[in-house]
Amino acid sequence: MERVVVVRRLLAVDRGEGGLSALHVRIAAGLAGVTERTVWRWLAEGREGRVEARPRQGGFTVGDALWEVLTQSGGNVAELRRRMLRAQDEGVLERWGVEVVPSLATLHRAVKDELRAGRVLQVARVASGRVEPSRYDRALAELGFIDGANGPPVVDGPDTELSGTDGEERSGVVKGAARVRVSGGVRLYAPGARLVSTRQVAAVVEAVGHTVAARGIGCVYGDTGLGKTVAVEQALHLLPGRVPVWRAVVGVGPGLPQVRAALCEALGLPSGSLTHRAGPADQALAEALAEPGVLFLDDAQRLSPPVLDYLRQLWDSPDCAAALVLCGAGSERALARAAAMRSRVLTWHQVSRLDTKDVPRTLGLFHPVWEDADPADLVRADEQTARGNFRTWAKITSHVCAARGRDLGAGVDRDAIDQACARLGPYP
(Lines give C-alpha, C1' and ligand atoms only; values in the text may rest on other atoms or scores of the structure.)
Protein backbone atom coordinates (compact mmCIF):
# COMPACT_ATOMS: atom_id res chain seq x y z
CA MET A 1 0.00 0.00 0.00
CA GLU A 2 2.93 2.33 0.64
CA ARG A 3 3.99 2.06 -3.00
CA VAL A 4 0.44 2.61 -4.25
CA VAL A 5 0.03 5.84 -2.26
CA VAL A 6 3.42 7.21 -3.36
CA VAL A 7 2.93 6.42 -7.05
CA ARG A 8 -0.60 7.82 -7.19
CA ARG A 9 0.46 11.07 -5.54
CA LEU A 10 3.46 11.46 -7.85
CA LEU A 11 1.33 10.78 -10.92
CA ALA A 12 -1.18 13.40 -9.72
CA VAL A 13 1.61 15.96 -9.30
CA ASP A 14 3.01 15.02 -12.70
CA ARG A 15 -0.34 15.79 -14.31
CA GLY A 16 -0.51 19.19 -12.61
CA GLU A 17 0.57 22.54 -13.97
CA GLY A 18 4.02 22.58 -12.38
CA GLY A 19 4.87 19.00 -13.30
CA LEU A 20 7.04 16.57 -11.40
CA SER A 21 10.56 17.41 -10.26
CA ALA A 22 13.45 15.44 -8.79
CA LEU A 23 12.72 17.11 -5.44
CA HIS A 24 9.25 15.54 -5.38
CA VAL A 25 10.80 12.12 -5.93
CA ARG A 26 13.47 12.72 -3.29
CA ILE A 27 10.86 13.68 -0.67
CA ALA A 28 8.65 10.71 -1.60
CA ALA A 29 11.62 8.35 -1.29
CA GLY A 30 12.44 9.69 2.16
CA LEU A 31 8.87 9.30 3.37
CA ALA A 32 8.54 5.79 1.92
CA GLY A 33 11.89 4.70 3.28
CA VAL A 34 13.28 3.61 -0.09
CA THR A 35 15.90 4.93 -2.51
CA GLU A 36 15.15 7.58 -5.13
CA ARG A 37 16.05 5.04 -7.81
CA THR A 38 13.31 2.76 -6.50
CA VAL A 39 10.74 5.57 -6.64
CA TRP A 40 11.75 6.43 -10.23
CA ARG A 41 11.27 2.75 -11.14
CA TRP A 42 7.85 2.74 -9.43
CA LEU A 43 6.92 5.89 -11.33
CA ALA A 44 7.96 4.45 -14.68
CA GLU A 45 5.86 1.36 -14.07
CA GLY A 46 2.99 3.54 -12.83
CA ARG A 47 2.99 5.51 -16.09
CA GLU A 48 2.56 2.19 -17.87
CA GLY A 49 -0.46 1.41 -15.71
CA ARG A 50 1.22 -0.85 -13.12
CA VAL A 51 0.70 1.06 -9.88
CA GLU A 52 0.86 -1.92 -7.55
CA ALA A 53 3.88 -4.15 -7.16
CA ARG A 54 3.91 -7.14 -9.44
CA PRO A 55 4.10 -10.34 -7.38
CA ARG A 56 6.96 -12.70 -8.01
CA GLN A 57 5.78 -15.33 -10.46
CA GLY A 58 5.60 -18.62 -8.62
CA GLY A 59 7.98 -17.33 -5.97
CA PHE A 60 7.78 -18.09 -2.28
CA THR A 61 7.66 -15.13 0.11
CA VAL A 62 8.01 -14.93 3.87
CA GLY A 63 4.93 -13.37 5.47
CA ASP A 64 4.72 -11.60 8.81
CA ALA A 65 3.62 -14.71 10.72
CA LEU A 66 6.47 -16.79 9.29
CA TRP A 67 8.95 -13.98 9.93
CA GLU A 68 7.92 -14.01 13.58
CA VAL A 69 8.65 -17.74 13.73
CA LEU A 70 12.06 -17.07 12.18
CA THR A 71 12.71 -14.48 14.87
CA GLN A 72 11.79 -16.99 17.58
CA SER A 73 14.15 -19.47 15.90
CA GLY A 74 17.07 -17.08 16.35
CA GLY A 75 17.32 -16.42 12.61
CA ASN A 76 18.07 -20.09 11.89
CA VAL A 77 16.46 -20.85 8.52
CA ALA A 78 16.98 -24.60 8.87
CA GLU A 79 15.20 -24.57 12.24
CA LEU A 80 12.39 -22.54 10.68
CA ARG A 81 11.94 -25.22 8.00
CA ARG A 82 11.94 -27.97 10.64
CA ARG A 83 9.16 -26.15 12.49
CA MET A 84 7.24 -25.77 9.24
CA LEU A 85 7.55 -29.51 8.58
CA ARG A 86 6.26 -30.30 12.08
CA ALA A 87 3.35 -27.90 11.57
CA GLN A 88 2.61 -29.55 8.23
CA ASP A 89 2.50 -32.98 9.89
CA GLU A 90 0.14 -31.59 12.51
CA GLY A 91 -2.06 -29.99 9.84
CA VAL A 92 -1.63 -26.42 11.12
CA LEU A 93 0.76 -25.03 8.49
CA GLU A 94 -1.96 -22.75 7.10
CA ARG A 95 -1.89 -20.60 10.27
CA TRP A 96 1.38 -19.13 8.96
CA GLY A 97 -0.13 -18.38 5.56
CA VAL A 98 1.73 -21.24 3.86
CA GLU A 99 0.26 -24.20 1.98
CA VAL A 100 3.42 -26.19 1.14
CA VAL A 101 6.83 -26.26 2.82
CA PRO A 102 9.44 -25.03 0.30
CA SER A 103 12.94 -26.41 -0.08
CA LEU A 104 15.69 -25.14 2.19
CA ALA A 105 17.33 -23.29 -0.72
CA THR A 106 14.06 -21.55 -1.59
CA LEU A 107 13.55 -20.59 2.03
CA HIS A 108 17.08 -19.15 2.23
CA ARG A 109 16.43 -17.15 -0.95
CA ALA A 110 13.14 -15.75 0.36
CA VAL A 111 14.74 -14.67 3.67
CA LYS A 112 17.65 -13.00 1.84
CA ASP A 113 15.18 -11.12 -0.37
CA GLU A 114 13.43 -9.77 2.73
CA LEU A 115 16.74 -8.71 4.31
CA ARG A 116 17.88 -6.98 1.12
CA ALA A 117 14.54 -5.14 1.05
CA GLY A 118 15.39 -3.67 4.46
CA ARG A 119 13.46 -5.94 6.80
CA VAL A 120 15.06 -6.28 10.22
CA LEU A 121 15.53 -9.66 11.87
CA GLN A 122 15.41 -9.19 15.65
CA VAL A 123 17.14 -12.39 16.66
CA ALA A 124 18.04 -10.97 20.08
CA ARG A 125 14.59 -9.56 20.93
CA VAL A 126 12.71 -11.18 23.78
CA ALA A 127 8.97 -11.36 23.38
CA SER A 128 7.16 -9.29 26.00
CA GLY A 129 5.03 -12.25 27.04
CA ARG A 130 8.13 -14.20 28.05
CA VAL A 131 9.44 -11.64 30.53
CA GLU A 132 9.23 -13.02 34.05
CA PRO A 133 6.78 -10.98 36.19
CA SER A 134 9.28 -10.58 39.03
CA ARG A 135 11.93 -9.28 36.65
CA TYR A 136 9.42 -6.94 35.04
CA ASP A 137 8.21 -5.53 38.37
CA ARG A 138 11.79 -5.07 39.55
CA ALA A 139 12.63 -3.19 36.37
CA LEU A 140 9.60 -0.92 36.86
CA ALA A 141 10.69 -0.14 40.41
CA GLU A 142 14.22 0.66 39.29
CA LEU A 143 12.95 2.91 36.51
CA GLY A 144 10.62 4.95 38.73
CA PHE A 145 7.24 3.65 37.57
CA ILE A 146 4.25 3.04 39.78
CA ASP A 147 1.44 0.58 39.14
CA GLY A 148 -1.95 2.06 38.31
CA ALA A 149 -4.69 0.17 40.20
CA ASN A 150 -3.49 -3.25 39.04
CA GLY A 151 -3.57 -1.96 35.46
CA PRO A 152 -0.92 -0.65 33.14
CA PRO A 153 1.77 1.29 34.99
CA VAL A 154 1.58 5.08 35.07
CA VAL A 155 4.54 7.41 34.83
CA ASP A 156 5.27 8.78 38.28
CA GLY A 157 4.97 12.48 37.57
CA PRO A 158 2.55 15.42 37.45
CA ASP A 159 -0.50 15.25 35.23
CA THR A 160 -0.38 17.10 31.94
CA GLU A 161 -3.05 19.81 32.08
CA LEU A 162 -4.48 22.41 29.74
CA SER A 163 -5.51 25.83 31.00
CA GLY A 164 -7.98 28.21 29.43
CA THR A 165 -7.20 31.75 28.35
CA ASP A 166 -8.31 33.01 31.74
CA GLY A 167 -5.76 30.82 33.50
CA GLU A 168 -8.35 28.44 34.99
CA GLU A 169 -8.51 24.75 34.20
CA ARG A 170 -11.28 23.85 31.81
CA SER A 171 -11.52 20.10 32.30
CA GLY A 172 -13.75 18.38 29.74
CA VAL A 173 -13.99 21.39 27.40
CA VAL A 174 -11.95 21.80 24.22
CA LYS A 175 -11.06 25.45 23.70
CA GLY A 176 -10.76 26.29 20.01
CA ALA A 177 -7.68 24.64 18.52
CA ALA A 178 -6.02 24.16 21.90
CA ARG A 179 -4.06 20.94 22.31
CA VAL A 180 -2.28 19.33 25.18
CA ARG A 181 1.46 19.18 24.56
CA VAL A 182 4.13 17.29 26.37
CA SER A 183 7.89 17.20 26.07
CA GLY A 184 9.10 16.48 22.56
CA GLY A 185 6.08 18.02 20.79
CA VAL A 186 3.75 15.08 21.39
CA ARG A 187 0.08 16.11 21.20
CA LEU A 188 -2.58 14.53 23.38
CA TYR A 189 -5.41 16.61 21.84
CA ALA A 190 -7.64 16.63 24.94
CA PRO A 191 -7.59 18.63 28.19
CA GLY A 192 -7.15 16.52 31.29
CA ALA A 193 -5.25 13.81 29.42
CA ARG A 194 -2.15 12.34 30.96
CA LEU A 195 0.66 10.16 29.75
CA VAL A 196 0.15 6.48 30.45
CA SER A 197 2.96 4.01 30.34
CA THR A 198 1.78 0.74 28.89
CA ARG A 199 3.95 -2.32 29.02
CA GLN A 200 5.13 -1.43 25.52
CA VAL A 201 6.40 1.90 26.84
CA ALA A 202 8.08 0.21 29.79
CA ALA A 203 9.88 -2.09 27.36
CA VAL A 204 11.17 0.93 25.42
CA VAL A 205 12.35 2.50 28.68
CA GLU A 206 14.30 -0.64 29.50
CA ALA A 207 15.84 -0.84 26.01
CA VAL A 208 16.83 2.85 25.92
CA GLY A 209 18.18 2.68 29.47
CA HIS A 210 20.46 -0.20 28.56
CA THR A 211 21.62 1.55 25.39
CA VAL A 212 22.49 4.71 27.30
CA ALA A 213 24.26 2.80 30.04
CA ALA A 214 26.33 0.93 27.46
CA ARG A 215 27.00 4.14 25.50
CA GLY A 216 25.80 2.42 22.36
CA ILE A 217 23.45 3.07 19.46
CA GLY A 218 19.78 2.12 19.64
CA CYS A 219 16.96 2.09 17.10
CA VAL A 220 13.30 2.32 18.20
CA TYR A 221 10.91 1.66 15.33
CA GLY A 222 7.34 0.61 14.58
CA ASP A 223 4.22 1.82 12.80
CA THR A 224 3.13 5.45 13.05
CA GLY A 225 1.02 6.51 16.02
CA LEU A 226 2.11 3.75 18.41
CA GLY A 227 3.84 6.08 20.87
CA LYS A 228 7.50 5.63 19.94
CA THR A 229 8.43 9.25 20.60
CA VAL A 230 6.43 9.32 23.85
CA ALA A 231 8.15 6.17 25.04
CA VAL A 232 11.64 7.43 24.23
CA GLU A 233 10.91 10.79 25.84
CA GLN A 234 9.80 9.00 29.01
CA ALA A 235 12.95 6.88 28.94
CA LEU A 236 15.10 10.00 28.67
CA HIS A 237 13.07 11.71 31.40
CA LEU A 238 13.80 8.83 33.77
CA LEU A 239 17.56 9.02 33.26
CA PRO A 240 19.59 10.44 36.15
CA GLY A 241 19.64 14.23 36.11
CA ARG A 242 23.38 14.33 35.60
CA VAL A 243 23.07 12.67 32.18
CA PRO A 244 22.67 15.39 29.52
CA VAL A 245 20.12 14.78 26.77
CA TRP A 246 20.57 16.41 23.36
CA ARG A 247 17.65 16.45 20.92
CA ALA A 248 18.47 17.09 17.27
CA VAL A 249 15.71 18.01 14.81
CA VAL A 250 16.20 17.20 11.12
CA GLY A 251 14.07 18.07 8.11
CA VAL A 252 12.91 15.86 5.26
CA GLY A 253 15.82 14.45 3.25
CA PRO A 254 18.47 16.61 4.95
CA GLY A 255 21.94 16.95 3.47
CA LEU A 256 25.12 16.64 5.45
CA PRO A 257 25.45 20.42 6.11
CA GLN A 258 21.90 20.54 7.51
CA VAL A 259 22.52 17.55 9.77
CA ARG A 260 25.83 19.00 10.94
CA ALA A 261 24.05 22.26 11.78
CA ALA A 262 21.30 20.39 13.67
CA LEU A 263 23.90 18.48 15.70
CA CYS A 264 25.81 21.65 16.51
CA GLU A 265 22.62 23.35 17.65
CA ALA A 266 21.55 20.37 19.76
CA LEU A 267 24.95 20.21 21.47
CA GLY A 268 25.04 23.97 22.08
CA LEU A 269 27.86 24.65 19.64
CA PRO A 270 28.09 27.88 17.59
CA SER A 271 26.49 26.38 14.49
CA GLY A 272 26.54 29.64 12.54
CA SER A 273 30.32 29.83 12.52
CA LEU A 274 31.04 26.10 12.21
CA THR A 275 28.61 24.53 9.78
CA HIS A 276 30.29 25.95 6.67
CA ARG A 277 33.67 24.62 7.79
CA ALA A 278 33.48 20.86 7.96
CA GLY A 279 36.83 20.30 9.67
CA PRO A 280 36.32 22.59 12.68
CA ALA A 281 32.66 21.53 13.01
CA ASP A 282 33.52 17.84 13.05
CA GLN A 283 36.26 18.42 15.60
CA ALA A 284 33.93 20.44 17.83
CA LEU A 285 31.25 17.72 17.61
CA ALA A 286 33.77 15.01 18.46
CA GLU A 287 34.94 16.98 21.51
CA ALA A 288 31.33 17.53 22.67
CA LEU A 289 30.48 13.83 22.26
CA ALA A 290 33.48 12.89 24.38
CA GLU A 291 31.29 13.82 27.36
CA PRO A 292 28.81 11.16 28.59
CA GLY A 293 25.29 11.91 27.41
CA VAL A 294 22.67 10.80 24.91
CA LEU A 295 21.70 12.26 21.52
CA PHE A 296 18.10 11.65 20.46
CA LEU A 297 17.24 11.84 16.75
CA ASP A 298 13.55 11.42 15.95
CA ASP A 299 12.27 10.69 12.42
CA ALA A 300 15.53 8.93 11.62
CA GLN A 301 13.92 7.44 8.51
CA ARG A 302 14.61 10.79 6.86
CA LEU A 303 18.37 10.25 7.02
CA SER A 304 20.18 9.05 3.90
CA PRO A 305 22.98 6.45 3.97
CA PRO A 306 25.74 9.12 3.65
CA VAL A 307 24.31 11.00 6.65
CA LEU A 308 24.06 7.82 8.69
CA ASP A 309 27.64 7.00 7.77
CA TYR A 310 28.67 10.44 9.01
CA LEU A 311 27.00 9.70 12.35
CA ARG A 312 28.79 6.36 12.40
CA GLN A 313 32.14 8.11 11.95
CA LEU A 314 31.40 10.42 14.86
CA TRP A 315 30.51 7.46 17.09
CA ASP A 316 33.58 5.53 15.93
CA SER A 317 35.80 8.18 17.47
CA PRO A 318 37.88 6.56 20.26
CA ASP A 319 36.93 9.35 22.67
CA CYS A 320 33.17 9.19 22.05
CA ALA A 321 31.37 8.53 25.35
CA ALA A 322 27.81 9.42 24.27
CA ALA A 323 24.89 7.19 23.32
CA LEU A 324 22.79 7.65 20.20
CA VAL A 325 19.06 6.85 20.06
CA LEU A 326 17.38 6.83 16.64
CA CYS A 327 13.60 6.68 16.39
CA GLY A 328 10.99 6.70 13.68
CA ALA A 329 8.57 4.69 11.56
CA GLY A 330 10.78 3.10 8.92
CA SER A 331 14.03 4.00 10.68
CA GLU A 332 15.02 0.31 10.64
CA ARG A 333 14.79 0.34 6.82
CA ALA A 334 16.93 3.47 6.62
CA LEU A 335 19.59 1.83 8.79
CA ALA A 336 19.39 -1.35 6.73
CA ARG A 337 20.61 0.63 3.71
CA ALA A 338 23.70 1.83 5.63
CA ALA A 339 25.49 -1.45 6.35
CA ALA A 340 28.34 0.03 8.41
CA MET A 341 25.94 1.94 10.67
CA ARG A 342 23.54 -0.99 10.92
CA SER A 343 26.28 -3.30 12.18
CA ARG A 344 27.02 -0.90 15.04
CA VAL A 345 23.46 -0.73 16.38
CA LEU A 346 23.45 -2.25 19.85
CA THR A 347 19.69 -2.35 20.45
CA TRP A 348 16.83 -2.86 18.00
CA HIS A 349 13.42 -2.39 19.59
CA GLN A 350 10.10 -2.60 17.78
CA VAL A 351 7.11 -0.88 19.41
CA SER A 352 3.99 -3.00 19.03
CA ARG A 353 0.34 -2.01 19.07
CA LEU A 354 -1.67 -1.62 22.25
CA ASP A 355 -3.14 -4.96 23.32
CA THR A 356 -6.92 -4.95 22.89
CA LYS A 357 -7.45 -6.49 26.32
CA ASP A 358 -5.55 -3.57 27.90
CA VAL A 359 -7.51 -0.85 26.09
CA PRO A 360 -10.26 -0.23 28.72
CA ARG A 361 -7.84 0.08 31.66
CA THR A 362 -5.32 2.13 29.67
CA LEU A 363 -7.95 4.60 28.45
CA GLY A 364 -9.35 4.97 31.98
CA LEU A 365 -5.90 6.09 33.09
CA PHE A 366 -5.39 8.24 29.99
CA HIS A 367 -8.50 10.41 30.48
CA PRO A 368 -11.35 10.56 33.05
CA VAL A 369 -13.94 10.62 30.27
CA TRP A 370 -13.43 6.87 29.76
CA GLU A 371 -13.79 5.82 33.39
CA ASP A 372 -17.50 4.96 33.14
CA ALA A 373 -17.47 3.68 29.56
CA ASP A 374 -18.46 0.09 28.85
CA PRO A 375 -15.27 -1.95 28.27
CA ALA A 376 -17.05 -3.94 25.56
CA ASP A 377 -17.72 -0.72 23.61
CA LEU A 378 -14.05 0.28 23.87
CA VAL A 379 -12.86 -3.12 22.72
CA ARG A 380 -15.28 -2.96 19.79
CA ALA A 381 -14.02 0.51 18.77
CA ASP A 382 -10.43 -0.68 19.01
CA GLU A 383 -11.08 -3.69 16.79
CA GLN A 384 -13.00 -1.66 14.19
CA THR A 385 -11.17 1.68 14.17
CA ALA A 386 -8.20 2.28 16.45
CA ARG A 387 -6.53 -1.14 16.11
CA GLY A 388 -4.20 -0.55 19.03
CA ASN A 389 -2.97 2.82 17.75
CA PHE A 390 -2.67 5.22 20.69
CA ARG A 391 -2.63 8.35 18.52
CA THR A 392 -5.98 7.30 17.08
CA TRP A 393 -7.38 6.83 20.59
CA ALA A 394 -6.15 10.32 21.53
CA LYS A 395 -8.13 11.74 18.58
CA ILE A 396 -11.23 9.78 19.57
CA THR A 397 -10.84 11.09 23.11
CA SER A 398 -10.70 14.65 21.80
CA HIS A 399 -13.98 14.27 19.88
CA VAL A 400 -15.69 12.59 22.84
CA CYS A 401 -14.59 15.44 25.13
CA ALA A 402 -15.91 17.98 22.62
CA ALA A 403 -19.31 16.23 22.56
CA ARG A 404 -19.38 16.06 26.36
CA GLY A 405 -18.57 19.76 26.47
CA ARG A 406 -21.69 20.51 24.46
CA ASP A 407 -23.80 18.19 26.64
CA LEU A 408 -22.19 17.79 30.06
CA GLY A 409 -24.86 15.35 31.21
CA ALA A 410 -24.31 12.93 28.36
CA GLY A 411 -22.57 9.64 29.02
CA VAL A 412 -20.04 7.91 26.81
CA ASP A 413 -22.12 5.17 25.24
CA ARG A 414 -21.65 3.22 22.03
CA ASP A 415 -23.34 5.90 19.91
CA ALA A 416 -21.02 8.60 21.27
CA ILE A 417 -17.98 6.47 20.53
CA ASP A 418 -19.23 5.68 17.02
CA GLN A 419 -19.80 9.39 16.32
CA ALA A 420 -16.27 10.19 17.52
CA CYS A 421 -14.83 7.43 15.34
CA ALA A 422 -16.77 8.73 12.34
CA ARG A 423 -15.06 12.11 12.77
CA LEU A 424 -11.73 10.47 11.93
CA GLY A 425 -12.72 9.91 8.32
CA PRO A 426 -11.23 7.16 6.13
CA TYR A 427 -7.72 7.50 7.57
CA PRO A 428 -7.91 7.20 11.37
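**Figure 1. Arg 81 and the residues it touches.** In this predicted model, Arg 81 has company from further along the chain: setting aside neighbours within four places in sequence, Arg 81 is in contact with Val 101, Pro 102, Ser 103, Leu 104 and Leu 107. Arg 81 itself sits in helix α5, which covers residues 77-90. Take Leu 104 as one of those partners. Counted along the sequence, Arg 81 and Leu 104 are 23 residues apart, yet their C-alpha atoms are 6.9 Å apart in space. So is Arg 81 buried or exposed? Neither label quite fits: its relative accessible area is 24%, and because buried means under 20% and exposed means over 50%, Arg 81 ends up as partly exposed.

**Figure 2. Helices α8 and α9, packed together.** Two packed helices are described by the angle between their axes and the distance between the axes. Here, α8 (residues 199-213) and α9 (residues 228-237) pack at an angle of about 50°, and their axes are 8 Å apart. That angle is why α8 and α9 count as oblique to each other, and their crossing is right-handed. Which residues of α8 make the contact? They are Val 201, Val 204, Val 205 and Val 208, and on the α9 side you'll find Ala 231, Val 232, Gln 234, Ala 235 and Leu 236. Sorted by class, that gives eight nonpolar residues, one polar and no charged ones.

**Figure 3. Helices α17 and α19, packed together.** Now look at the stretch with α17 (residues 375-386) and α19 (residues 414-422). These two helices pack at an angle of about 25°, with 10 Å between their axes. Angles under 35 degrees count as roughly parallel, so that is how α17 and α19 lie relative to each other. The crossing of α17 and α19 is right-handed. From α17, Asp 377, Leu 378, Arg 380, Ala 381 and Thr 385 meet Arg 414, Ile 417, Asp 418 and Cys 421 from α19. How many charged residues does the contact of α17 with α19 have? Four, along with four nonpolar residues and one polar.

**Figure 4. Zooming out to the whole chain.** All these close-ups come from a chain with 19 helices and seven strands. Of its 428 residues, 44% count as buried. The chain's accessible surface comes to about 22,300 Å², and carbon and sulfur atoms hold 49% of that. Looking at contacts in the chain with a separation of 6 or more, 69% of them involve residues 24 or more positions apart.

Conventions: Residues are numbered from 1 along each chain as its sequence is written. This is a predicted model: local features need pLDDT of at least 70, side-chain atom pairs count only at pLDDT 80 or more; totals for chains, interfaces and linings use all residues. Side-chain values use heavy atoms; hydrogens and water are left out. Helices (H or I, at least four residues) and strands (E, at least two) are DSSP runs, numbered from the N terminus. Buried means under 20% relative accessible area, exposed over 50%, partly exposed in between (1.4 Å probe, protein chains only). Contact means heavy atoms within 4.5 Å. Accessible areas come from the Shrake-Rupley method with a 1.4 Å probe; for residues, only the protein chains shown count as cover. Axes are lines fitted to C-alpha atoms, for helices over the stretch in contact, and angles run from 0 to 180 degrees between N-to-C directions. Angles under 35 degrees count as roughly parallel, over 145 as roughly antiparallel, 65 to 115 as roughly perpendicular and the rest as oblique. A crossing is left-handed if the near helix is turned anticlockwise from the far one by less than a right angle, and right-handed if clockwise. Ala, Val, Leu, Ile, Met, Phe, Trp, Tyr, Cys and Pro count as nonpolar, Asp, Glu, Lys and Arg as charged, and the others, Gly among them, as polar.
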